[in-house]
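Let's take a walk through this structure together. Keep the sequence and the 3D view open as you read.

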Amino acid sequence: MFNHKNHHHSFNFCSPISEQPQQQPDIENQVEPKSCYEDLGIAPKINFFYGRNEELKIIHDWIFLQKARLISVLGLSGIGKTTLVKRFVDLNSNFFDVLMWKSLRFPQPLNLLLTEIFNNFSLVNDSVSLNEETWRKLFDILRHKKCLIILDDVQNIFTEKQLAGQYQPEYRDYKTFLKMMTEIEHQSCLILVSQEKSQEMKSLNEELYPIKVLELIGLYETELLNHQDLENPESWSTLIKLYEGNPLYLQNIADLIKDVFQGDVLSFVNGDELILTEDLKDLFNSLFDKLSKVEQKIIVEMSQQNQEFSIETLKEHLSLSSADLINGLQSLSRRYILRTNPQNKKMFQLSPVFREYLKQGNNFHQ
Ligand SMILES: Nc1ncnc2c1ncn2[C@@H]1O[C@H](COP(=O)(O)OP(=O)(O)OP(=O)(O)O)[C@@H](O)[C@H]1O
Ligand SMILES: [Mg+2]
């Protein structure tokens with residue numbers, strides 16, 4: 001049944017990518033190493049990987065101990081979702097029969113994605129339609145083989161300029177697929193990687209519940225800057241805090257510091273301003289453009305003052321109905337643009353970097 005022509009073992013388990021002890025999940029007792037069929041599509045090669053040991057262990061336990069069938073890895077652009085999941089795949093590929101990495105960077109309807117999956121198994125030649133036969137075939141595979149399927153960039157199947165996590169009409173079938181992944185018994189796992197959370201990506205604390213959610217926050221490890229050719233290591237943690245531990249922001253800023261400050265991090269952090277590069281402004285422009293009008297109103301208002309806001313204060317400042325305001329806040333949280341103060345969950349905080357972008361008014365080009 002399996003077409004092994006693409007079979008390869010290109011993973012380098014002892015690559016120089018890690019300066020930390022290799023994560024070796026204590027997996028040997030539970031799962032036998034397997035010979036694995038891989039189709040990694042356009043998954044990136046990971047050259048550097050720091051920290052995130054806790055997160056690797058969490059994903060490992062969810063899959064191998066708790067038998068999770070649907071895992072969502074969520075967080076802001078650049079926070080390291082794709083890198084983390086690819087690293088997990090590199091470390092654990094031996095423990096699956098089948099590994100498939102599908103990117104929805106250029107999204108395609110679900111029946112075409114399933115056709116690609118079936119093609120890997122030489123099951124079909126033409127494109128499949130979503131009927132009972134197709135679902136049965138799919139879940140037969142997921143039951144008989146331990147498959148790990150990764151869908152990256154899932155946010156692209158959601159509708160822009162609406163509240164977060166609303167499926168575009170042509171991608172509604174994915175909602176059904178996600179529900180079926182959790183409702184039907186099988187031994188496989190689907191990992192969703194997304195900047196936006198949808199209704200299907202629930203987090204319940206129950207141990208054996210088959211749906212899990214990992215929300216990534218900043219990576220506050222100075223090693224992150226090791227390979228960037230920067231000076232003044234004593235200032236690196238200040239820089240990392242300033243840019244909220246977002247590895248992508250930090251890469252951008254490291255380039256800027258090299259180009260303009262000759263790598264002198266101290267001089268850079270001693271300047272009073274939070275600097276945004278053109279690339280970062282582009283990134284924030286596209287994030288801002290995807291928001292609904294209500295969300296835009298809320299964060300523009302919040303950016304005017306350097307403080308956190310309660311719902312009541314926002315209501316006083318904004319001419320929005322309670323329903324709009326509350327839904328808008330939930331949506332912004334589902335995009336990880338707003339978070340609540342861990343000490344006082346009633347207060348909403350805007351990321352300082354995003355606030356700086358809004359303050360500069362780059363966003364009012366719509
Ligand atoms: N743990 C890490 N160690 C070293 N570098 C990292 C780590 N995590 C992320 N990076 C670097 O940060 C950049 C952004 O990471 P990544 O592409 O994984 O983010 P993302 O969350 O998938 O973003 P997007 O939502 O835009 O796809 C990458 O260039 C990656 O190399
Ligand atoms: Mg990504």
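Let's begin at V300, which counts as partly exposed because 16 other C-beta atoms lie within 10 Å, a count that falls between the limits of 12 or fewer for exposed and 20 or more for buried. As you look around, please keep in mind that this is a predicted model. V300 belongs to helix α10, which covers residues 293–303. If you follow the chain onward, you will come to L358, 58 residues away from V300 in sequence, yet the C-alpha atoms of these two residues are separated by 6.4 Å.

Now turn to the ligand. Ligand 1 is surrounded by 19 residues, and the closest of them are S77, G80, T82, T83 and P247. Two helices to highlight here are α2 (81–92) and α7 (247–261), since each supplies at least two residues of the shell. Both domains take part as well: domain 1 (4–215) and domain 2 (224–275) each give at least three residues to the shell around ligand 1. What is the make-up of this shell by class? It has nine polar, eight nonpolar and two charged residues.

Helix α2 also has a helix partner to look at. It packs with α1 (residues 53–64) at an angle of about 60°, and the axes of the two helices are 10 Å apart. Their crossing is right-handed. On the α1 side, the residues that meet α2 are E55, L56, I59 and H60, while α2 brings L84, R87, F88, L91 and N92. By class, this contact between α1 and α2 has five nonpolar residues, along with two polar and two charged ones.

Let's finish with the backbone. Most residues other than glycine have a negative phi. With that in mind, have a look at Q262, which has a positive phi of about 50° although it is not a glycine. You will find Q262 in the loop between α7 and α8 (265–270). Is Q262 buried or exposed? Q262 is exposed, because its count is 10 other C-beta atoms within 10 Å, and 12 or fewer is the limit for that label.

Y336 is another non-glycine residue with a positive phi, here of about 65°. Its place is in the loop between α12 (322–334) and β7 (338–341). Y336 has 20 other C-beta atoms within 10 Å, so it is classed as buried; the label calls for 20 or more. To put the two side by side, Q262 is exposed, whereas Y336 is buried.

Terms used: Residues are numbered from 1 along each chain as its sequence is written. Chains are lettered from A and ligands numbered from 1 in the order in which they are written. This is a predicted model: local features need pLDDT of at least 70, side-chain atom pairs count only at pLDDT 80 or more; totals for chains, interfaces and linings use all residues. A residue is near a molecule or strand if its C-beta atom, placed from the backbone, lies within 6 Å of it. Helices (H or I, at least four residues) and strands (E, at least two) are DSSP runs, numbered from the N terminus. Ala, Val, Leu, Ile, Met, Phe, Trp, Tyr, Cys and Pro count as nonpolar, Asp, Glu, Lys and Arg as charged, and the others, Gly among them, as polar. Domain bounds come from an automatic or database domain assignment. Axes are lines fitted to C-alpha atoms, for helices over the stretch in contact, and angles run from 0 to 180 degrees between N-to-C directions. A crossing is left-handed if the near helix is turned anticlockwise from the far one by less than a right angle, and right-handed if clockwise. Two residues are in contact if their C-beta atoms, placed from the backbone, lie within 7 Å.
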